[in-house]
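Got your viewer open? Let's walk through this one together, one selection at a time.

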Amino acid sequence: MTTYDLGGSAVSETSSTPDSRTPAQIEADIKRRRETLAETLDEIGARVHPKTIVGDAKAKVVSNIDHTLGRAYVGVNRMVSDVRGQLVNDEGAPRLERIVPVALVVVGVVGLLAVGSRRGAVSSRRGGSLGSRRRKR
């Protein structure tokens with residue numbers, strides 16, 4: 001019975017039968033196996049080379065970032081469309097009954113932030129907070 005090795009050459013199961021190949025065939029088989037082994041080692045060397053590993057890692061990170069940014073863009077775009085749908089009617093005209101309350105809230109928040117930052121600046125120029133001055137009296 002004949003079996004085949006990993007190189008695809010016929011190998012006898014018993015060592016009692018002589019090899020029927022000629023020396024030239026054996027040399028050609030050895031040469032072919034050396035070339036195959038050299039190619040395999042080159043492929044392994046390229047796969048485990050630090051530049052290849054770093055390049056693969058960079059590509060994976062870039063892919064993940066692109067995917068995340070794409071999802072974020074879709075989410076923001078959807079949110080902007082929803083807000084626009086609330087503030088603009090079907091013809092594209094502004095809905096004043098919705099814009100005015102939103103504008104008032106924005107003005108109020110900006111006003112509170114301005115007053116708060118002004119109080120902080122005044123108290124820091126006076127040398128402390130109002131609470132520290134009250135305790136000293």
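Start with arginine 33, which counts as partly exposed at 35% relative accessibility. Show its side chain together with that of aspartate 29: the two meet in a salt bridge, with 3.4 Å from N to O. In helix 1 these residues are four positions apart, so about one helical turn separates arginine 33 from aspartate 29. Keep that pair on screen, since there is more to add: salt bridges with shared partners tie Arg21, Asp29, Arg32 and Arg33 into one network.

By the way, you're looking at a predicted model.

Next, add arginine 32. Its side chain also forms a salt bridge with aspartate 29, this time at 2.4 Å, N to O. Arginine 32 and aspartate 29 sit three residues apart in helix 1, so they too are separated by about one helical turn. Arginine 32 is partly exposed, at 34% relative accessible area.

Now select arginine 21. Here the salt bridge to aspartate 29 comes to 2.9 Å, N to O, and arginine 21 is partly exposed with a relative accessible area of 30%.

Is aspartate 29 itself buried or exposed? Buried: its relative accessible area is 9%, and the cut-off for buried is under 20%. The salt bridge count for the model is three.

Stay on helix 1, which covers residues 23-48, and switch to a surface view. Which residues gather in a patch of negative charge? Select Glu35, Glu39, Asp42 and Glu43 and you'll have it. Glutamate 43 is part of helix 1 and is partly exposed, with 45% relative accessible area.

Then recolor for nonpolar side chains. Leu37, Leu41, Ile44, Val48 and Ile53 make a nonpolar surface patch of about 470 Å². Helix 1 is the biggest contributor here, giving four residues. One to click on is isoleucine 44, which lies in helix 1 and is partly exposed at 42% relative accessible area.

Finally, zoom out and switch to cartoon. You should find four helices and two strands, in the order β-β-α-α-α-α along the sequence. Of the chain's 137 residues, 3% count as buried. Among contacts with a separation of 6 or more, 9% come from residues 24 or more positions apart. Turn the surface back on for a last look: the chain exposes about 12200 Å², with carbon and sulfur atoms supplying 61% of it.

Methods. Residues are numbered from 1 along each chain as its sequence is written. This is a predicted model: local features need pLDDT of at least 70, side-chain atom pairs count only at pLDDT 80 or more; totals for chains, interfaces and linings use all residues. Side-chain values use heavy atoms; hydrogens and water are left out. Patches are made of residues with over 30% relative accessible area and no salt bridge: like charges are joined within 9 Å, nonpolar side chains (Val, Leu, Ile, Met, Phe, Trp, Tyr) within 5 Å. Accessible areas come from the Shrake-Rupley method with a 1.4 Å probe; for residues, only the protein chains shown count as cover. A salt bridge is a side-chain nitrogen of Lys or Arg within 4 Å of a carboxyl oxygen of Asp or Glu. Lys and Arg count as positive and Asp and Glu as negative; His and the chain ends are not counted. The place of a charge is taken as NZ of Lys, CZ of Arg, CG of Asp or CD of Glu. Buried means under 20% relative accessible area, exposed over 50%, partly exposed in between (1.4 Å probe, protein chains only). Contact means heavy atoms within 4.5 Å.
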